[in-house]
Amino acid sequence: MLKQVEGSRALAEAIALCRPEVVCAYPITPQTHIVEGLGEMVRSGELAGCEFINVESEFAALSVAIGASAAGARSYTATASQGILFMAEAVYNAAGLGLPIVMTIANRAIGAPINIWNDQSDSMALRDAGWIQLYAETNQEAVDLHIQAFRLAEALSCPVMVCVDGFILTHAYERVDIPTRAQVDAYLPPFEPVQVLDCDDPVSIGAMVGPEAFFEVRYLQHHKQLRALELIPDLAREFERVFGRKSGGLIRSYRCEDAETIVVSLGSVLGTVKEVVDDMRAAGADIGAVSICSFRPFPLAELRAALKDAKRVVVLEKCLAVGVGGIVSSSVRKALSGLPLAGYTVIAGLGGRPITQRSLQEVFERAFRDELEQLTFLDLNWDIVNRELARGRGQRRSGPTAENILRDLGRATPVEAT
Amino acid sequence: MFQIRIHGRGGQGVVSAAEMLAHAAFEEGRHAQAFPSFGSERMGAPVVAFCRIDSEEIRLREPVMEPDVVIVQDPTLLGSIQVFSGLSPFGFFLVNSSRSLEELGLAKFARNYLQGHVCSVAATELALAHIGRPLPNAALLGGLSGMTARPALTSVLAAIRHKFAGKVGEANAAAAQAAYESVMRSLGRETQHA
Amino acid sequence: MKLQPVKFYQKQTFTVGNRLVAGHARAVQANMRRTNSLNSGHRACQGCGEALGARYAIDAAMQATGNRVIAVNATGCLEVFSTPYPETSWQIPWIHSLFGNAAAVASGVAAALRVKGRKGDRVIAQGGDGGTMDIGFGCLSGMFERNDDVLYICYDNEAYMNTGVQRSSATPAAAHTATTPAARGRSGNVFGTGKNLPLIAMAHEIPYVATASIANLRDLEVKVMYAMSLRGARYIHISVPCPLGWGSLPADTIKLARLAVESGLFPLFEAENGEITGRYQLRHRVPVTEYLKLQKRYAHLFGDTPDLRTIGEIQAIADRNIRRFGLAA
């Protein structure tokens with residue numbers, strides 16, 4: 001049913017339709033509305049057969065989900081930024097134990113400096129923990145991916161994170177088609193665990209594994225993700241049959257057929273990118289875009305096939321490997337190894353800095369002329385940067401960087417009249 | 001695409017206004033996207049919310065830089081925040097005030113825009129009269145409808161009733177109706193009754 | 001013939017329990033059909049107090065629940081020695097997740113059981129002093145505060161033993177550990193540090209809190225069984241000497257546990273909803289020296305010139321416990 005609704009609310013409704021049995025929640029901006037929505041639905045009875053647990057930290061949240069999942073209950077939690085880091089140990093633990101937990105990451109920057117706005121550093125920080133990672137381009141896709149996530153997680157006994165850009169998607173109020181209960185039930189059968197804590201059939205879960213076997217256990221996790229490379233498109237196709245729309249999958253191409261330059265990115269920024277692609281196409285530029293939906297497993301073969309005929313690839317990232325450059329770029333480069341294309345990395349939107357059509361167009365046009373640096377920081381204020389560098393050279397006790405910069409910015413903007 | 005930017009202060013229902021606007025467009029079968037310029041909850045601080053309306057799916061995710069409409073819920077923002085920034089020359093400007101454009105110092109500014117595109121409406125006073133609380137957001141949407149007919153008044157009233165249940169909904173709708181009529185009057189137009 | 005009542009203090013041996021004690025008073029361990037949930041073959045040290053405590057506690061819980069116990073274990077000695085790759089000595093469903101989250105994982109298991117209507121299946125979380133009182137403190141408090149239906153058992157050997165005897169917040173004053181090394185003069189763990197987890201548990205006003213000791217295994221069983229007759233958050237703190245970490249003889253483990261109780265250093269009591277409901281009053285007291293001198297971790301206090309001042313301060317701790325918990329008979 002079509003609803004005009006806040007992204008978080010749509011997610012709560014979709015997750016509720018998936019019949020979660022244990023939902024645990026520790027609040028962190030910008031995920032709060034999702035779990036609040038679920039809590040309300042449990043209280044009102046709209047979401048029946050579900051235990052909603054208020055936990056004391058994110059570490060506890062995922063730990064509760066681990067226990068619940070091991071005892072055979074379909075379990076869900078959500079977090080962001082500092083929260084996913086606080087539960088980092090448990091993130092690895094859940095993947096290592098093979099528990100099919102689904103978790104929403106409402107993508108938010110990681111401090112210091114503390115920042116509540118969107119970028120993708122948080123989910124990227126845990127990219128190698130063994131979870132499947134899916135990125136939503138729109139709130140509709142976010143809704144759809146959660147439904148696919150439960151199915152995928154339980155099929156493989158592997159936890160899945162669904163990454164939804166914080167604020168930009170979670171707090172956007174827009175039109176979403178919420179599926180019916182019948183549709184979700186047709187797609188997602190009840191949870192049948194591969195391993196379960198059962199008094200009638202006891203097993204020990206989580207024992208120590210020595211050098212004789214650890215490697216095999218870890219390889220089998222990797223193998224699961226390789227299987228996911230096939231299962232994800234299969235489940236997306238089945239989703240389209242049941243729900244009547246395309247959603248998810250490994251990657252999606254937009255106007256790449258004869259594209260000379262292809263922009264690769266993840267998440268909500270693709271919306272703006274597609275607007276720029278259309279404008280530039282209208283002006284005669286052969287440009288296209290590829291959206292990566294499954295970041296883990298990373299679709300090397302699919303990306304290679306989508307990008308191989310282009311002359312250049314621009315990877316637009318909302319994360320930064322400090323000291324190196326792009327995170328997504330390294331994997332894209334790996335997908336393209338051996339091919340004679342030019343690759344550019346554009347870091348944008350960190351800490352919630354808006355990514356505008358105008359700035360993107362300018363940078364894509366420079367790419368066409370091969371006038372782009374290998375690594376570009378979109379809309380970075382070099383003036384502020386240089387001023388801070390000079391301050392640091394000037395005296396030893398130059399003070400906290402963030403405070404200095406905020407003071408500079410404060411001087412630049414007019415003071416508010418009270 | 002029709003883009004609206006709403007300025008106000010925390011606690012004045014700026015975000016709700018953008019959402020109701022989006023809902024009004026939804027009632028008309030259009031696509032709409034509403035979102036705030038995000039920040040921590042804080043009463044009294046300047047807040048901006050955006051709304052985009054289109055007949056097709058809206059893909060753009062940047063803040064509204066070139067609005068077709070600017071609504072200012074709190075006139076104390078006029079002197080400080082760049083409320084006019086990016087407003088299209090064919091755009092609309094609606095400010096919540098019982099004072100005239102001349103008294104607000106906006107007469108000169110208004111001359112840069114088309115006739116009937118810059119207006120003030122006493123939304124807070126109308127809200128006090130109809131709802132009993134100084135919450136001008138719903139009323140201002142009625143005023144917007146009077147200026148632009150986008151969305152239509154009927155859609156705006158439906159959105160208000162969807163947002164606020166029962167008596168509160170009716171009171172807000174009445175305030176919106178009154179604001180609509182006030183704007184139509186000041187623009188010298190005949191009013192349609194919803 | 002005049003009949004003389006005979007009191008059996010040692011009720012936990014197979015022989016005594018089986019033939020000479022009334023059925024209701026017999027130890028679970030005395031029962032041929034005990035579940036042996038922590039089966040033999042585990043790799044605990046000779047004389048390990050924790051292995052003994054765990055076996056008694058879990059089997060008692062099994063008896064009380066009709067063999068419906070799921071165990072959640074924190075990282076630590078018990079977890080490591082009970083599941084040496086590729087074997088497990090657990091005959092019950094058992095999960096080990098992380099060091100600090102046993103209480104939270106147990107809360108999750110309890111939630112799953114609740115939602116699935118598996119009312120008869122019960123959850124026990126267990127961990128050492130490090131995993132419970134330090135790194136697991138946050139999750140423990142959360143479980144208590146929510147009153148989740150979990151019995152948490154802490155096996156307190158007073159240091160991080162599995163990693164090489166490092167100090168925890170359960171390490172007693174003056175004890176030598178690898179991170180509170182003792183040398184000549186005042187040393188070992190600092191006086192005035194540490195926390196009393198049973199009192200903290202009581203402050204959460206949970207349905208049941210008890211301390212227990214392997215010096216009185218039947219008492220331990222009774223407390224566990226009582227705990228399993230209740231619902232909600234429950235906590236049992238068991239004193240379990242560690243020969244390796246304490247520098248004591250494996251054969252002295254139970255003796256040391258008894259001396260800890262009889263000196264007043266480890267008070268035995270029970271509490272419900274934040275108020276003490278019972279205590280074991282000492283039949284006979286021993287001076288702390290009787291207890292301390294059997295452990296190398298206190299060896300620096302003895303020798304040619306004993307550190308009478310420090311020993312006196314430890315005695316003062318024991319005296320205070322006796323007074324504040326009302327342990328004097």
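## Strands 5 and 7 of chain C

In this predicted model, two bridges pair strand 5 (residues 208-213) of chain C with strand 7 (residues 269-272) of chain C, in the antiparallel sense. Within strand 7 of chain C, the residue opposite Ala210(C) is Glu270(C).

## The nine-stranded sheet

Strands 5 and 7 of chain C are adjacent in an open sheet of nine strands, whose order is 9(A)-2(C)-1(C)-3(C)-4(C)-6(C)-5(C)-7(C)-8(C). Pairing in this sheet is mixed.

Two strands form the edges, each pairing on one side only. One of them is strand 9 (204-205) of chain A, and the other is strand 8 (275-279) of chain C.

## Contact between chains A and B

Chain A gives 23 residues to its contact with chain B, and chain B gives 20 residues. On the chain B side, the elements that supply two or more residues are helix 1 (14-27) and strand 2 (31-36). Strand 2 of chain B provides the largest share of that side, with six residues. Sorted by class, the side of chain B that touches chain A consists of ten nonpolar, six polar and four charged residues.

## Strand pairing across the A-B contact

Strand 2 of chain B also pairs with a strand of chain A: two bridges join strand 2 to strand 8 (residues 173-177) of chain A. The two strands run antiparallel. Here Tyr173(A) has Ala34(B), in strand 2 of chain B, as its bridge partner.

How values were computed: Residues are numbered from 1 along each chain as its sequence is written. Chains are lettered from A and ligands numbered from 1 in the order in which they are written. This is a predicted model: local features need pLDDT of at least 70, side-chain atom pairs count only at pLDDT 80 or more; totals for chains, interfaces and linings use all residues. Two residues are in contact if their C-beta atoms, placed from the backbone, lie within 7 Å. Helices (H or I, at least four residues) and strands (E, at least two) are DSSP runs, numbered from the N terminus. Ala, Val, Leu, Ile, Met, Phe, Trp, Tyr, Cys and Pro count as nonpolar, Asp, Glu, Lys and Arg as charged, and the others, Gly among them, as polar. Two strands pair if DSSP finds at least two bridges between them.
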